[in-house]
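Q: I am new to this structure and would like a close look at one part of it. Please start with the setting, then take me to the part itself.

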Amino acid sequence: MLKVEEQTPVTLSAELLAKFDEVKSRYPEGKQKSALLPLLHLVQAEYLWVPTSAMDQVAAYLNIQPIEVYEVATFYTMYFLKPQGKYALEVCRTGPCCLVGAEKILDHLENKLGVKEGEVTADGLFSFRGVECLAACGYGPVLQISPEYTFYENLTTESVDKLIEDLKNKS
Amino acid sequence: MSRKLLLEHINVPGINTLEVYRQKGGYRAVEKALKTLTPEEIVEEVKKSGLRGRGGAGFPTGMKWSFLAKPEGVARYLVCNADESEPGTFKDRYLMTYIPHALIEGMIVSSFALGAKVSYIYVRGEMMPQIRILERAIAEAKAAGWLGKNILGTGYDLELYVQPGGGAYICGEETALLESLEGKRGNPRIKPPFPAIAGLYGCPTVVNNVESIAAVVPIINDGGEEYAKIGIGRSTGTKLISASGNLVKPGVYEIELGLPVEEFIYSDEYCGGIANGKRLKATVAGGSSVPVLPANLTLKLANGEPRLMSYESLSEGGFATGTMLGSGGFIAFDEDQCIVRNTWNFSRFYHHESCGQCSPCREGTGWMEKILHKIEHGHGSMEDVDLLWDVQRKIEGNTICPLGDAAAWPVASAIRHFRDEFEWHIKEPVKSQTQNYGIANYAVPIEKAPVVEEK
């Protein structure tokens, strides 16, 4: 059963709804449900996760049932159904990246940030998780940071340390 | 140096821009196709080229196109499959990042050939930077009149959109991709009907991989017959190979099909050999879903002849002694790598990515992952190896889409070729946690073992 976190309802902004209109225009009349995945990405870029109230508003916007949005949001791994850190780090943990040390990077992040996979640091800045193949196998280990999906390749524990420090200084 | 068709200008500064791409001959194929060829003639050129689908299946592209139903008054669609998520494969990401206009040009020519007025490039959602690059390039192309209404005054209209996925490997399967593009969960459809009859929104649709669509550009520029001269036998043209794992120079390489595997691994033009002076233990030649092969069978056929990078040579001997070219995701394992651990890793991937629609795949992938985890962590029994073999047999061929096969083949091939290593993990649970089984039993040709100089 989907556990719904206690949430403060959000109201989608006029700017976001204008972006929705542009996306919706890409599909033939009557087939606007196609916009669902892109719209959820836009919601996540705005809130850094996908709150239930936003999903309900997406459903109303596309004139579909809320369950149609929930079933999509829970199927795809990119949509965060609970709040993440401001910087949600995703480390590839599939075969080719593991051949060149991805597991060490995940262990290092756990030690460095002092939280387990999926948890958020006390300052709200970071969360991390292992993900399946990011399609950059020749440059592994790799990680990406949502919602911009900035990409970092050929990671070492030292380069991860520097990345964390840079992000802390930026905030 | 081998001939390059897709990556010829990859190192030219600014090749990602329309201006530089045009300077290097870009969009000639659109001009030629729209002004001098009929859609049927384009399909004929692609047939003559012998181009086979570069996403993994290797089905002849021209034949796929000719199956497209053309009822009057019904829209037709071209959908580019850029949901690249196969472990070991990263060529499409590379192509879209550095030469986005090669894909857009291919989309215009292919859409014209198929009579599509609206086309979509379905890019895996994680590739947001590539999505932005493609959107920028599409805007450039549209502003210059290569897309939109009445392209080049020919009366042909085409709108091209990028669709982001949501992070699901299964959406690389063409019918799951179409479901996803319709805003639904990526559950594969039962075929028939094939997308050529009922695809996107129930309309006739062709789904092609990024590399296949980009390859249409040189085919139209030079002619299908010229393209067919490159390569070997029914493996015509060039192929992008994504090389990863324990190689000196991993990366994306364009090869002429027919290149000896040995040359690809050891020559300086390509991968430059195995990293850190180690020896090659095994390879996965075409992405994680194809069978793993020990080094000796990677380099040589069962009859001792050199194995080549081609659809036929890699699959020579069936799965007993061969594998597949697949998507061209070439992963090399050095002597220190543990086959059991890697097989467990791949099984975890397929369990995670199973859409859950078919019981054998939904239950079987998780079962395999658990057994492999048990063996890898020193708690296995000899019966587990037989059970694992039995489970994979019951998944293969018993699912709607090929994800079940993709999950079964790595396990089957690992047991087939490396059963000793599984048994060693079970017999020596303590030792196997800290040591590697090595490659002594796998008959790596001694001449392939690099000499490490004494310091």
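A: Start with charge. Chain A carries 16 positive and 24 negative charges, and their mean positions are 1 Å apart. Keep in mind that this is a predicted model.

Now the chain as a whole. Seven helices and four strands make up the secondary structure of chain A. Their order along the sequence is α-α-α-α-β-α-α-β-β-β-α. The C-alpha atoms fit a box of roughly 50 × 35 × 35 Å along the principal axes. Chain A has 171 residues, and 51% of them are buried. About 7,800 Å² of chain A is exposed, with carbon and sulfur atoms supplying 51% of that area. Take the contacts in chain A with a separation of 6 or more: 61% of them join residues 24 or more positions apart.

The domain assignment splits chain A in two. Domain 1 covers 14-75, and domain 2 covers 87-170. Their C-alpha centres lie 28 Å apart.

Look at helix 3 of chain A, residues 52-62. Eight of its 11 residues are buried, so the rest of the structure largely encloses this helix. Among the buried ones are A:Thr52, A:Ser53, A:Ala54 and A:Met55. A:Val58, A:Ala59, A:Tyr61 and A:Leu62 are buried too. What do these residues of helix 3 pack against? Their partners are helix 1 (14-24), helix 2 (36-47) and helix 4 (66-75) of chain A. After helix 3 comes A:Asn63, with a positive phi near 60°.

Now to the part for the close look: a set of four cysteines. UniProt, in an unreviewed entry, marks A:Cys92, A:Cys97, A:Cys133 and A:Cys137 as "binding site". These cysteines span 46 residues in sequence, yet no two of their C-alpha atoms are more than 9.0 Å apart, so they gather at one spot.

Take A:Cys133 and A:Cys137 in turn. A:Cys133 sits in the loop between strand 2 (126-131) and strand 3 (143-146) of chain A. Is A:Cys133 buried or exposed? A:Cys133 has a relative accessible area of 2%. Buried means under 20%, so A:Cys133 counts as buried.

What surrounds A:Cys133, leaving out residues up to four places away in sequence? From chain A, A:Cys133 touches A:Cys92 and A:Thr94. A:Cys92 is also one of the annotated cysteines. From chain B, A:Cys133 touches B:Ser85, B:Glu86, B:Pro87, B:Gly88, B:Arg124 and B:Phe349.

A:Cys137 lies in the loop between strand 2 and strand 3 of chain A as well. A:Cys137 is buried, with a relative accessible area of 5%. Again set aside neighbours within four places in sequence. A:Cys137 then contacts A:Pro96 in chain A. On the chain B side, A:Cys137 meets B:Pro87, B:Gly88, B:Thr89, B:Phe90 and B:Ser244. B:Pro87 and B:Gly88 appear in the list for A:Cys133 and in the list for A:Cys137.

A word on the partner chain. The domain assignment gives chain B domain 1 (18-229), domain 2 (234-335) and domain 3 (338-445). The C-alpha centres of domain 1 and domain 2 of chain B lie 27 Å apart. Their contact takes 21 residues from domain 1 and 24 residues from domain 2.

To recap the close look: the four annotated cysteines gather at one spot. A:Cys133 is buried there, and A:Cys137 is buried as well. Residues of chain B touch A:Cys133, and residues of chain B also contact A:Cys137.

Technical notes:
Residues are numbered from 1 along each chain as its sequence is written. Chains are lettered from A and ligands numbered from 1 in the order in which they are written. This is a predicted model: local features need pLDDT of at least 70, side-chain atom pairs count only at pLDDT 80 or more; totals for chains, interfaces and linings use all residues. Side-chain values use heavy atoms; hydrogens and water are left out. Helices (H or I, at least four residues) and strands (E, at least two) are DSSP runs, numbered from the N terminus. Buried means under 20% relative accessible area, exposed over 50%, partly exposed in between (1.4 Å probe, protein chains only). Contact means heavy atoms within 4.5 Å. Accessible areas come from the Shrake-Rupley method with a 1.4 Å probe; for residues, only the protein chains shown count as cover. Lys and Arg count as positive and Asp and Glu as negative; His and the chain ends are not counted. The place of a charge is taken as NZ of Lys, CZ of Arg, CG of Asp or CD of Glu. Domain bounds come from an automatic or database domain assignment. UniProt positions are given in the numbering used here, feature names are shortened, and annotations may be inferred rather than shown by experiment.
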